[in-house]
Amino acid sequence: MRPEIQEYNYDWLMGRTLDAASKVPLGTPKETELTFRYIPYFKGVAQSFVDAGPPGIEFLSLLSRYYRDILTARDQGKKIAATTFCNTPAILNAMDIVPATFEVLTTIGALVWKRGMFDYMDYCCEVGMPETSCSAQKGALGAFLADLCEKIDIVICDTPGVCDTNANAFAFAAAFMDKPYFQLNYPSTIGDRRSQKYHIDDYKGMIRFIEHHSGNTLNYDRLGEVLTEIDKQDALTAEMEDMLMLVPTPIPPIFTLMIYAGRFCFAGDPIYTRLLETMVATSKQRMAAGVPGLKAGVEKLRIVMCYIDHFTVNMAFYNYLEERGIAHTGSILTRNFRDDNEYVRDLPDNSYGIDISSPDAMLESIAQMNARMPMVRSIRGPYDQHGMWLEETLACARSYQADCVIYNGTPGCRNTWGMVKPFARDIEKQGIPVHIMYDDAFDDRVESWEATRERLDEFFHVRGLI
Ligand code: SF4
């Protein structure tokens, strides 16, 4: 790693940047506009959120709080758990442990920093990780491995077999930093009693592990509060999902990112409820006024991202969709598979519910919620089996009346690369065009954003979609 990169603690650098960004919109519109002149480096990303109105402003303060929690954990006597976006932070929230989710931290850096997360990604390879491992973890993980972040106390992941690069990144992190490590087994099937019991027993093992290494005991009253908050959040999310189904949808592309990023950071915390409330209120106002979410005022096309979005600097992907008049109806990350969502009507055993009537009911609820996290839910094995990737994607494409399906991931997504071509052919057979993006969602060195944009334009043009 270059010596100049090692001069600054990455988390403090990013935490202070987000703290400052969250304050930019608090003045008058004129003050905000003038501030942009003095922050040319960060203007692109800050303005994207400020222009998104109250939800964008709420989201900036949510990101700032995420870093503040990590940076102040030690002073508050709290432990920090390194974890993955495939693991709901709700259980950590209930146990007073601060999550440091590598993929969330990498995404923030990729969106905010022009110089990207490249130095940190490369550092992971310098110390032994393969180049083909997932950039989603490598960005933030590199900063932790280089000792440029707050110390981690424990490492928890939950994806053996779902994504080998993800699981191996956490195993590597735990071994390299010499930290206690727990790997939650994903359930081999979802919906049958035997695998659910196995999963709940395993989840209880994870709780015992956290209790043992943190000294904190799970308080079921607190878990009940967290699940009650999630119940509210899920109801608000279901309202957003209903509005995403409208043609045109009143929901702008950037909101789909905020739905899942908020959940990955703060499921069960009132700060995420407030973000969802502002998104629902803003979207309902637009719906009542008959105004589409796209700034251009016309919805030319509707897409479903069957995997993840593209997280390049200054929100370029979401701004591109705005410019082209393309509605983003969500990705595998947006969907939570709560049982009251319209899109699970054809996939009943893929969904989960919340029951807080007893400690066992609560544990069953949170374990089942965890089993519906992205990748764990539908990319566990053969893509064309019941409840898996193909069935989920077709159900979503139909529910949201998508004109096409787009795949985007990272070169590390070996599980999906191994099946994406037959998967795309099967979707095309149903009359839905599919585009496979060959970039890296977090690393523009693999394919420049300009080239990615040109290939998207070419696809839309050649298939007669725009
Ligand atoms: S599936 Fe792809 S994006 Fe997700 S963790 Fe694995 S390599 Fe990363």
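Colleague: Where is Pro248 found?
Modeller: First, this is a predicted model, in which local features need pLDDT of at least 70 and side-chain atom pairs count only at pLDDT 80 or more, while totals for chains, interfaces and linings use all residues. Residues are numbered from 1 along each chain as its sequence is written, and side-chain values use heavy atoms, with hydrogens and water left out. The peptide bond leading from Val247 into Pro248 is cis, with omega near -5°. Helices and strands are DSSP runs numbered from the N terminus (helices H or I, at least four residues; strands E, at least two), and Pro248 sits in the loop between helix 11 and helix 12.

Colleague: And what is the place of Phe337?
Modeller: Phe337 isn't a glycine, yet its phi is positive, near 60°. You'll find Phe337 in the loop between strand 6 and helix 15 (359-370).

Colleague: Which domains does the domain assignment of the chain give?
Modeller: The bounds come from an automatic or database domain assignment. On the contact side, 65 residues of one domain meet 61 residues of the other (contact means heavy atoms within 4.5 Å). The C-alpha centres of the two lie 20 Å apart. The names to use are domain 1 (5-218) and domain 2 (221-462).

Colleague: What is the order of strands in the open sheet that holds strand 2?
Modeller: Strand 2 is one of the edge strands and strand 4 (181-183) is the other, each with a single partner strand, so one side of each has no neighbour in the sheet. Strands pair if DSSP finds at least two bridges between them. This open sheet of four strands is parallel, in the order 2-1-3-4.

Colleague: In strand 4, which residue is the bridge partner of Ile156?
Modeller: Strand 3 (residues 154-157) runs parallel to strand 4 and is joined to it by three bridges. Across from Ile156, the partner in strand 4 is Phe182.

Colleague: What angle does the direction of helix 10 make with that of strand 3?
Modeller: Axes are lines fitted to C-alpha atoms, for helices over the stretch in contact, and angles between N-to-C directions run from 0 to 180 degrees. Helix 10 (residues 193-214) packs on the sheet and touches both strand 3 and strand 4. Its direction makes an angle with that of strand 3 of about 170°.

Colleague: What does the twist average in the sheet with the order 6-5-7-8?
Modeller: That one is also an open, parallel sheet of four strands. Its edge strands are strand 6 (326-328) and strand 8 (434-436), each pairing on one side only. From one strand to the next, the twist averages 30°.

Colleague: Which residue in strand 8 stands opposite Ile406?
Modeller: Strand 7 (residues 404-407) pairs with strand 8 in the parallel sense, over three bridges. Facing Ile406 from strand 8 is His435.

Colleague: How much space lies in the largest cavity?
Modeller: On a 1 Å grid over the protein atoms alone, a cavity is a set of points where a 1.4 Å probe fits but cannot get out, a pocket is an open set with protein on both sides within 12 Å along at least five of seven lines, and lining residues have an atom within 4 Å of a point. Grid points are joined across faces, edges and corners, and a volume is the space filled by probe spheres set on the points. Both domain 1 and domain 2 give residues to the lining of the largest cavity, so it lies between them. Its volume comes to about 460 Å³.

Colleague: Which element gives the most to that lining of the largest cavity?
Modeller: The lining divides into 31 nonpolar, seven polar and one charged (Ala, Val, Leu, Ile, Met, Phe, Trp, Tyr, Cys and Pro count as nonpolar, Asp, Glu, Lys and Arg as charged, and the others, Gly among them, as polar). The top contributor, with six residues, is helix 6.

Colleague: And which element gives the most to the lining of the second largest cavity?
Modeller: This one holds about 90 Å³, and its lining includes Thr88, Asp234, Arg263 and Tyr352. By class, the lining has six nonpolar, three polar and two charged residues. With three residues, the one giving the most is helix 11 (residues 220-244).

Colleague: Which residues lining the largest pocket are the closest to its centre?
Modeller: About 280 Å³ of space lies in this pocket, and each domain gives at least three residues to its lining. That lining divides into eleven nonpolar, three polar and six charged. Closest to the centre are Arg65, Asp69, Lys78, Asn93 and Ile97.
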